[in-house]
Amino acid sequence: MLLVGPNAHYLSYVEDVLPSLGEDTVRLCTLRDLVPEGATATAEPDPRVARLKETLDPTAVLDAVAKQFERPPQHAMRLESPWADLWMSREEWAELFSRADPAASHDEARDEVWEEILELLVDQVDDEEVPPHVVRRWLRQDEELTGTFVRAWPLLSPTWAVARLWSSPELLQRCAPELGPDDIALLQRDVAAPWTDSDLPLLDAAYRRIGDPDSVRARHRREAVIAAAQEQMAHVVDHLIEDDDSEMKVMSILRGQDARNVLLGVDAPPALTPDELAGPFGHIVVDEAQELSDAQWRMLLARCSSRSFTIVGDRAQARHGFTESWEARLARLGIRDIRIAHLGVNYRTPSEVMEVAAPAVLAAIPDANVPTSVRESGVPVRLGDAASLSTVVDDWLDAHPEGVACVIGDPAYVGTARVRSLTPEGAKGLEFDLVALVRPEQFGDDVTGAVDRYVAMTRTTRELVILR
């Protein structure tokens, strides 16, 4: 099972509250953790670019990119080997390329096609005295054959493929024909530009469709070491059997596979550790799911073929708005048999806080599902001046030897072990005994601002102080 949360703070909180989730059958992550580049990706500075990338289907786009680099040679080839002239017709090139496994990545399918090419050429050597592995070794070293194949089906990097999309208008037009000229111009960026969070769904699709060239190269090195050791061991075994003058010919047992496995102490490079977040997963739990774009949802759908999800999301906390129903959103993504439970009871936030928070969000989202608080804290919401933040926090710490607080909205405030300093987005999913909300007016008057204020206010389980 995979549990996906909105941020690293949330995952730490879950691990503290539910330590049993640390067992072997459960993985915890954020969407950023699904892609290596997620750790350093920055926020997309241009909302127009972010919206455009969210409209793209990463799987379709990267499939089109891969096909641009899987083009069979348009000419026949004759190779003058030491044993015979070997031929590859134009039709044979096309047939072998077309037989590539559609479920394999570009780089993995490349290896399969290459092996089929070698097999076809090896079969043309009709000399029984020439072992097939000798012919294969010669073919692998032939510059004309390898050069032609590398140009027709190059080994690609997933990051290079996505960067190439944003730096080549012609490639982007071919792979995303739904984009207009203005859209394509807007998406152009320097190859060395840092990745943004809106690139992550495309990078994730690229790792699946293009593959990992480092993994392919590591496998090649490992296979080469093993093959060389096997060939050397075969010579040793042949020599031992040839010189065996015992009556029972006991050395012949060395040709058995079990004996060969024992004898072959290959010091080959270890296989790469598999990506634990690549899936597939039997079930995925998604919290704060209202924030996910269609492209981000596809990152999760690709890891759960059973489409078995538990989805937790509040439309009233969608920073960029959520105008459709959950049924419509999920059905569009291909999730069926949807069962929805509306949570109308608020156990965390006291009624004193909800009396202030509810009107703030309902003014921007009139149909927001605002739950009803079932308890009172006995502590009214306090108002104050932003300059008094340190005094508010220090007084609370002196009066409460236990518990945790959070300052939301003041990036200059340095957090401590008991006082976090977060943005509204970074505080999603968390709860604190005290929330000091600094300058809530700075979040703006649009839906995003209203949601940020609502989220910040409802993180507290007891006290809320609003400092303007």
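Select Glu115 to begin: at 32% relative accessibility this residue counts as partly exposed, a label for values between buried (under 20% relative accessible area) and exposed (over 50%), found with a 1.4 Å probe and protein chains only. Before going further, note that this is a predicted model, in which local features need pLDDT of at least 70 and side-chain atom pairs count only at pLDDT 80 or more, while totals for chains, interfaces and linings use all residues. Residues are numbered from 1 along each chain as its sequence is written, and side-chain values use heavy atoms, with hydrogens and water left out.

Now add Arg140, which is partly exposed with a relative accessible area of 40%. The side chains of Glu115 and Arg140 meet in a salt bridge at 2.8 Å, N to O, where the term stands for a side-chain nitrogen of Lys or Arg within 4 Å of a carboxyl oxygen of Asp or Glu. Because Glu115 lies in helix H5 (residues 106-122) and Arg140 in helix H6 (residues 132-140), the pair ties together parts that are 25 residues apart in sequence. Helices here are DSSP runs of H or I with at least four residues, strands are runs of E with at least two, and both are numbered from the N terminus.

Next, select Arg189 and Asp199, whose closest N and O atoms are 3.4 Å apart in another salt bridge. Both residues sit in the loop between H10 and helix H11 (200-209), 10 residues apart. Arg189 is buried, with a relative accessible area of 16%, and Asp199 is buried as well, at 0%. Add Glu44 and Lys53 to the selection, and you have the four residues that salt bridges with shared partners join into one network.

Lys53 leads on to helix H2 (residues 47-55), whose buried residues are Val49, Ala50, Leu52 and Lys53. These residues cover an arc of only 165° around the axis, taken from the directions from the helix axis to the C-beta atoms, which puts them on the same side of H2. To see part of what covers them, show helix H8 (158-167) and helix H10 (181-187), which are in contact in the sense of heavy atoms within 4.5 Å.

Then move to helix H14 (residues 294-301), which is largely enclosed by the rest of the structure, because 6 of its 8 residues are buried. Among the buried residues to highlight are Trp297, Met299 and Leu300.

For a contrast, finish at Tyr347, in the loop between strand S7 (345-346) and helix H16 (351-362), which counts as exposed at 62% relative accessibility.
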